[in-house]
Amino acid sequence: MQSSNAPRDALRWALPLLFAFALGLSAPARADDVQDAQQLLKSGQREQALERVNRALAANARDPQARFLKGLIFTEQGKQQEAIEIFTKLTQDYPNLPEPYNNLAVIYASQGHYEKARGALEQSIRTHPSYATAYENLGDVYAKLASQAYGKALQLDASNTGAQNKLALVRDLVREPIAKSAPTAAPATAPKDSPVASAPQAPPAATPPPAADPTAEVLKTVNGWAQAWSQQDADAYLGYYAKDFKTPGGEARPDWENGRRTRITAPKSIQVAVDSPKVTMRGPERASVSFRQTYRSDKLKSQSRKTLELVKADGRWLIEEEKAGK
Amino acid sequence: MTRLAAAFAALLFWAAAGAATPEDRLSGVFEAIEANQLDTAMKRVDALIAEYPNFRLAYLVRGDLLLARAQPLQTFGNVVKTVPQERLEGLREEALARLRAQRHRPAEDRLPRYVLQLSGSQKHAIVVDSRRSRLYVYANDQGKPRLVADYYVTLGKNGIEKTREGDQKTPVGVYHVTANLPRNKLTDFYGAGAYPINYPNEWDRRQGRNGHGIWLHGVPAEVYSRAPRASDGCIVLANPDLQAVARQLQIGVTPVIIADEIEWTDAASLDAERASLAAELEQWRADWQSRDTERYLAHYSREFSGPGQDYAAWAAHKRKVNSAKSWIKVGLGNVTMLRYPSERDVVVVSFEQDYRSNGLSNVMKKRQYWAKEAGRWKILYEGPA
């Protein structure tokens, strides 16, 4: 549990760059300071990053980009209350930006306040109905809330799972704050580039992400696949594979399924993390996802590169081929 | 989202919204799910949980409603497989039992075949259907049963037809409540109170059944209700339900009839059965009064047994006693007739007997078990009640 690898259910961060140029509300007074701060933060130099951000804010106290970065720095420094204040203020000053809501939600979730996190993410989606990061996070928060409800239903001690989730999230923030959100910054996610100043979008709807963003759909599928694996739910896991899936050794499908079933259910626990996924759309209904896979069970720990070839059938993305080492 | 509706398909049914009991409100949640109004369903289940925070089943539904937003559901109660399956199954079965009972209420003109006649002093009768996990309360409407309420119940872990001590089964038969054990004399496990019933009764003993301590009781504070098959043989109700039932219970008087699956009939058939048996009972009374001992004994089965007596001993005793009488008058009052579930034509008849004769007079409460032998009602057991 002390590994630096991000767990599957860690919430994704909004990348500050996303709206840096989209704002146009007020030109960043010290663009170079903000950019420097971003670089410094990436390389883990938080104090220096904070210095630059404060310099930028001295020149323009309202600069949303600088304020957002400051919120991010505070979060990484564990100053959650300060970070919450900054992000909350940003949502008030720029209610059309989804990112501050998203990051508020990440902090709330890390504190175990899943209902608050849900509220913030739903707000984030209300501002941008196609914001994939918020959808993915919201999915995780719903799953977490569901697991809390199930815990109550079955009279389980829910405090254990809650604590684990919280720790996982903090580790994630400290080690890999930016990388997680990288895939969602891919150019394929077109709607995010639209000017934020545009009229507020469609009414609130807690419905699945619109089909407009295939990258997000593919990512969601891969995350779901990893989650089913982690939950040792063999039926759900196998449900992610296409009927004509190319079994790795060319074995018959039932043999392969039986083998997988055994491997998935035998360990006491499994955690599978998908890190730095990169989605390549090979067509409207074909996609490749490459990522670093971290597998950890009570018996074994391994890391590998993996590529999944997915096809869309009946509205669902399914795995057609699984390649290791690429 | 349609997958959620599909996952619930087995449980769906129509129900009136806005009704007061948690079960009715749970129905309202499923109704919204059926209509694919998931936000409404969520609001309803949240309100239900706010009011009944120990209603575990409601959390299961809430979990599904939340999870459905994150991923497609595979099943009702879509919990990961590492949780205790027994509890999960228990909640699923509770959902089914509650929803089925709501969906298939007995029609207005259907009556349990067991309640042939209630005496004037019996205000209510309780009838339990094991397969439906349901307890029905019937009011005594001039001797005839009228359904007034019904409740979800938990029965024995190992089902019904108790025969042995510790078999964790609920008995099937005709019983009555024998005592009221108040809440302050009990641990929290029994909830709002407990009402023992008279298992094993005369019929059970005759069949060699043993065990004891079958109660109607409530549930611990931490839960609203328990799974359909979870008790050690007791009949367990949610605390508010137990309190409602308890208000109708008369100690030593109110019958509790437990059936595997209630046999339903109509009022006309019930009247006919009642009349047929009432005629036999009247003939028995008249023959006893007539002092024609052989005619009187003809009402008794060769398989008869009373307390400590077989047929031969009984017959010898009666011949001796009756021959010494110059007159006998027998009056019967407060007659109850209850058909025995899961037995072919066995009826428990209870009454107050006013016996007068030269030499001896007494008034007693009596119980007889009548059974049909070759088409004729005969007495299999007779003793003080």
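This passage describes how chain B meets chain A and how selected helices and strands of chain B are arranged. The structure is a predicted model.

The place where the two chains meet is a good starting point. On one side stand 21 residues of chain B, in contact with 19 residues of chain A. Two helices of chain B, α4 (56–70) and α5 (85–103), are the elements that give two or more residues to this side. Helix α4(B) supplies the largest share, with 10 residues. Sorted by class, the side of chain B that touches chain A holds 12 nonpolar, 4 polar and 5 charged residues.

These helices also meet each other within chain B. The axes of α4(B) and α5(B) come within 10 Å and cross at roughly 100°. Because angles of 65 to 115 degrees count as roughly perpendicular, α4(B) is described as roughly perpendicular to α5(B). On the α4(B) side of the meeting point are Arg56(B), Leu57(B) and Leu60(B), and their counterparts in α5(B) are Leu91(B), Glu94(B) and Ala95(B). This contact between the helices has 4 nonpolar residues and 2 charged ones, with no polar residues.

Attention now turns to the strands, beginning with β12 of chain B. This strand spans residues 255–259 and is mostly covered, with 5 of its 5 residues buried. The cover extends to both faces of β12(B): Pro255(B), Ile257(B) and Ala259(B) are buried on one side, while Val256(B) and Ile258(B) are buried on the other.

Strand β12(B) has pairing partners that run in opposite senses relative to it. With β3 (residues 124–129) of chain B, β12(B) pairs in the parallel sense over 4 bridges. With β7 (residues 173–176) of chain B, β12(B) is joined by 4 bridges and the strands run antiparallel. Val256(B) is a handy residue to follow by eye here. In the pairing with β3(B), Ile126(B) stands opposite Val256(B), and in the pairing with β7(B), Tyr175(B) has Val256(B) as its bridge partner.

Another group of strands in chain B forms an open sheet of 3 strands, in the order β8-β9-β11, with mixed pairing. Strands β8 (194–196) and β11 (235–236) stand at the edges; each has a single partner strand, so one side of each is left without a neighbour in the sheet. Strand β9 (residues 215–217) pairs with β11(B) in the parallel sense over 2 bridges. Within this pairing, Leu216(B) stands opposite Ile235(B) of β11(B).

Definitions and conventions:
Residues numbered from 1 in each chain as written. Chains lettered and ligands numbered in written order. Predicted model: local features only at pLDDT ≥ 70, side-chain atom pairs only at ≥ 80, totals over all residues. Contact = placed C-beta atoms within 7 Å. Nonpolar A, V, L, I, M, F, W, Y, C, P; charged D, E, K, R; others polar. Buried ≥ 20, exposed ≤ 12 C-beta atoms within 10 Å, placed from the backbone. Pairing = 2+ DSSP bridges. Axes fitted to C-alpha atoms, helices over the stretch in contact; angles between N-to-C directions. Parallel < 35°, antiparallel > 145°, perpendicular 65-115°, else oblique.
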